[in-house]
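Work through the exercises below with the sequence and the 3D view at hand. Each task is followed by a solution in steps.

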Amino acid sequence: MLIIDSKDCENIDKALKKYKKKFEKSKVLLQLRERQSYTKPSVRRRKEVLKAIYKDQVTAGKFD
């Protein structure tokens, strides 16, 4: 549960903006999307390995 401390004189738009920022930082939406479908651990690991290989190639300058 997200709680936003707002002062009485604070505009509702500012409070809403604070809420949205806190919501993004908590990564609730990412967790919900991840839980919608099951991915096997082997597939997850393979995806991470491919991502790491790609990052290494980018830092090495093979991709522009």
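**Exercise 1. An aromatic residue**

Task: Decide whether Phe23 is buried, partly exposed or exposed.

Solution. The model is a predicted one. The relative accessible area of Phe23 is 28%. Buried means under 20% and exposed means over 50%, with partly exposed in between. Phe23 is therefore partly exposed.

**Exercise 2. The aromatic pair**

Task: How many aromatic pairs does the structure hold, and how are the rings of Tyr19 and Phe23 arranged?

Solution. Start with the count: there is one aromatic pair. Tyr19 and Phe23 form this pair, with 6.2 Å from centre to centre and 25 degrees between the planes. Planes under 30 degrees apart count as stacked, so the pair of Tyr19 and Phe23 is stacked. Next, place the two residues: both belong to helix α1 and are four residues apart, about one turn of the helix. Finally, Tyr19 has a relative accessible area of 36%, which means that Tyr19 is partly exposed.

**Exercise 3. The order of elements**

Task: Which secondary structure elements does the chain have, and in what pattern do they follow?

Solution. The chain has three helices and zero strands. Along the sequence the pattern reads α-α-α. Helix α1 covers 12-26 and helix α2 covers 28-36, while helix α3 covers residues 41-60.

**Exercise 4. A residue between helices**

Task: Where is Lys27 found, and what is the sign of its phi?

Solution. Lys27 sits in the loop between α1 and α2. Its phi is positive, about 60 degrees, although Lys27 is not a glycine. For comparison, most residues other than glycine have a negative phi.

**Exercise 5. A residue in the third helix**

Task: Is Asp56 buried or exposed, and what distance separates its C-alpha atom from that of Ser37?

Solution. Asp56 lies in helix α3. Its relative accessibility is 53%, and the cut-off for exposed is over 50%, so Asp56 counts as exposed. Along the chain, Asp56 and Ser37 are 19 residues apart, and their C-alpha atoms are separated by 29 Å.

**Exercise 6. The whole chain**

Task: What radius of gyration does the chain have, and what would a compact globule of 64 residues have?

Solution. The chain has 19 Å, whereas a compact globule of 64 residues would have a value near 11 Å. The C-alpha atoms fill a box of roughly 55 × 35 × 15 Å along the principal axes. Buried residues make up 2% of the 64 residues. The accessible surface comes to about 6700 Å², and 55% of it belongs to carbon and sulfur atoms. As a last step, take the charges: the chain has 19 positive and 9 negative ones, and their mean positions are 6 Å apart.

Key: Residues numbered from 1 in each chain as written. Predicted model: local features only at pLDDT ≥ 70, side-chain atom pairs only at ≥ 80, totals over all residues. Heavy atoms only, no water. Rg over C-alpha atoms; globule rule 2.2 N^0.38 Å. Buried < 20%, exposed > 50% of the residue type's maximum accessible area, 1.4 Å probe, protein only. Areas by Shrake-Rupley, 256 points an atom, 1.4 Å probe, with all protein chains shown as cover. Lys, Arg positive; Asp, Glu negative; His and termini not counted. Charge placed at Lys NZ, Arg CZ, Asp CG, Glu CD. Phe/Tyr/Trp six-rings, centres within 6.5 Å; stacked < 30°, edge-to-face > 60°.
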